[in-house]
Amino acid sequence: MHENFDEVYRDCFQEITNVAMGQAADLLARILNVFIVLPIPNVNILESSELHMALSAIDESRSVSAVCQGFIGGGISGEALLIFNDSSFSDVAHLRHNFNSDINENVELELLMDISNVLIGACLRGIADQLDLKFSQGHPKVLGRHVNVEQLIKTNAQRWKKTLAIEVNYTIEEHDVNCDLLLLFTEDSFETLKTKADYLLE
């Protein structure tokens, strides 16, 4: 754990994320008419070389696709990264009744962008509301498709240096749908995040 980011702050941001991820899951559950399983989010300060620790819930042998979206506001910035198991595409397409055709590359991309838009948007909005600020979001960018986690990290490692990493795993009950949402806050954001946390902890 970073020497200037102790357990109290970690617990605080775990609770903030808990609320935000619940709101995002509720939105996705209503869209797909399913029940979303939510574990406790993981909060850690990581170097880029340690990022694989934040992805421990993902089987490294599985093929994944990923989208990232930058955000900034109120002295805080970072990237949201959604890593989607490729095996989930067929079940999500089935749950989205407007996708009755074969699952091709274009359909997969549309589903990937739809899910990332729902989860990233709602989760960031939930965190921003609790911190009393607003995030501006950049355009989503596909980081990789049909790669394993190791390849994804290796290709993009230079994007992430020391970061506050919050990992949220979403699983849809009774369906083979699983994805990880990572919120990666820049090191420059730490002091502002601590100030916001202090206000909430008073």
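Is Arg145 buried, exposed or partly exposed, and what is its relative accessibility? I looked this up before anything else. Arg145 has a relative accessibility of 26% and counts as partly exposed. I note at the outset that the model is predicted.

**Entry 1. The chain as a whole**

I began with the secondary structure. The protein chain contains six helices and eight strands. Read from the N terminus, the order of elements is α-β-β-α-β-β-α-α-β-β-α-β-β-α. I then turned to burial and found that 49% of the 202 residues are buried. The chain exposes about 9900 Å², and carbon and sulfur atoms supply 47% of that area. For the contacts with a separation of 6 or more, I recorded that 73% are between residues 24 or more positions apart.

**Entry 2. Nonpolar cores**

I looked next at the cores. The largest nonpolar core has 53 residues, and Tyr170, Leu181 and Leu183 have the most contacts inside it. Helix 4 gives the most to this core, with 13 residues. Another core lies apart from it and has 15 residues, including Ala66, Ile83, Leu152 and Leu182.

I listed the surroundings of Leu183. Not counting residues up to four places away in sequence, Leu183 touches Glu79, Ala80, Cys123, Leu124, Ile127, Leu164, Ala165 and Ile166.

**Entry 3. Leu143**

Where in the chain is Leu143 placed? I found Leu143 in strand 6. Leu143 has a relative accessible area of 13%, below the 20% cut-off, and therefore counts as buried. I also checked its distance to Ala66: the two residues are 77 apart in sequence, yet their C-alpha atoms are 5.4 Å apart in space.

**Entry 4. Salt bridges of Arg145**

I counted the salt bridges in the structure and found five. Side chains of opposite charge can pair when their charged atoms come close. I took Arg145 as the case to follow.

Arg145 forms a salt bridge with Glu105, and the closest N and O atoms are 3.3 Å apart. This pair links distant parts of the chain, with Arg145 in strand 6 (residues 141-147) and Glu105 in helix 4, 40 residues apart. Between their C-alpha atoms I read a distance of 9.7 Å.

Arg145 forms a salt bridge with Glu108 as well, and here the closest N and O atoms are 3.9 Å apart. The second pair also links distant parts of the chain, since Arg145 is in strand 6 and Glu108 is in helix 4, 37 residues apart. Glu108 has a relative accessibility of 12% and counts as buried. Glu105, Glu108 and Arg145 are joined into one network by salt bridges that share partners.

**Entry 5. Glu105**

I examined Glu105 separately. Helix 4, in which Glu105 is placed, covers residues 105-131. Is Glu105 buried, exposed or partly exposed? Glu105 is partly exposed, with a relative accessible area of 42%. Leaving aside neighbours within four places in sequence, I found Glu105 in contact with Arg145 and His146. The side chains of Glu105 and His146 are joined by a polar contact of 3.1 Å.

**Entry 6. Asp86**

I then looked for a charged residue without a salt bridge. Asp86 is buried yet has none, and the nearest side chain of opposite charge, Arg145, is 6.9 Å away. Why does this pair not count as a salt bridge? A salt bridge needs the nitrogen and oxygen within 4 Å, and the 6.9 Å between Asp86 and Arg145 is therefore outside the cut-off.

Asp86 lies in the loop between strand 4 (76-85) and helix 3 (89-95). Which side chain makes a polar contact with the side chain of Asp86? I found that of Ser63, at 2.4 Å. Apart from neighbours within four places in sequence, Asp86 is in contact with Ser63, Val64, Ser65 and His146.

**Entry 7. A pair within one helix**

Lastly I noted the pair of Arg10 and Glu7. Their side chains meet in a salt bridge of 2.9 Å, N to O. Both residues lie in helix 1 (residues 7-32), three residues apart, about one turn of the helix. Glu7 is partly exposed, and its relative accessible area is 42%.

How values were computed
Residues numbered from 1 in each chain as written. Predicted model: local features only at pLDDT ≥ 70, side-chain atom pairs only at ≥ 80, totals over all residues. Heavy atoms only, no water. Helix = DSSP H or I, 4+ residues; strand = E, 2+ residues; numbered from the N terminus. Buried < 20%, exposed > 50% of the residue type's maximum accessible area, 1.4 Å probe, protein only. Contact = heavy atoms within 4.5 Å. Polar contact = N/O pair within 3.5 Å; in protein donor to acceptor, adjacent residues only side chain to side chain. Areas by Shrake-Rupley, 256 points an atom, 1.4 Å probe, with all protein chains shown as cover. Core = buried A, V, L, I, M, F, W, Y, C linked by side-chain atoms within 4.5 Å. Lys, Arg positive; Asp, Glu negative; His and termini not counted.
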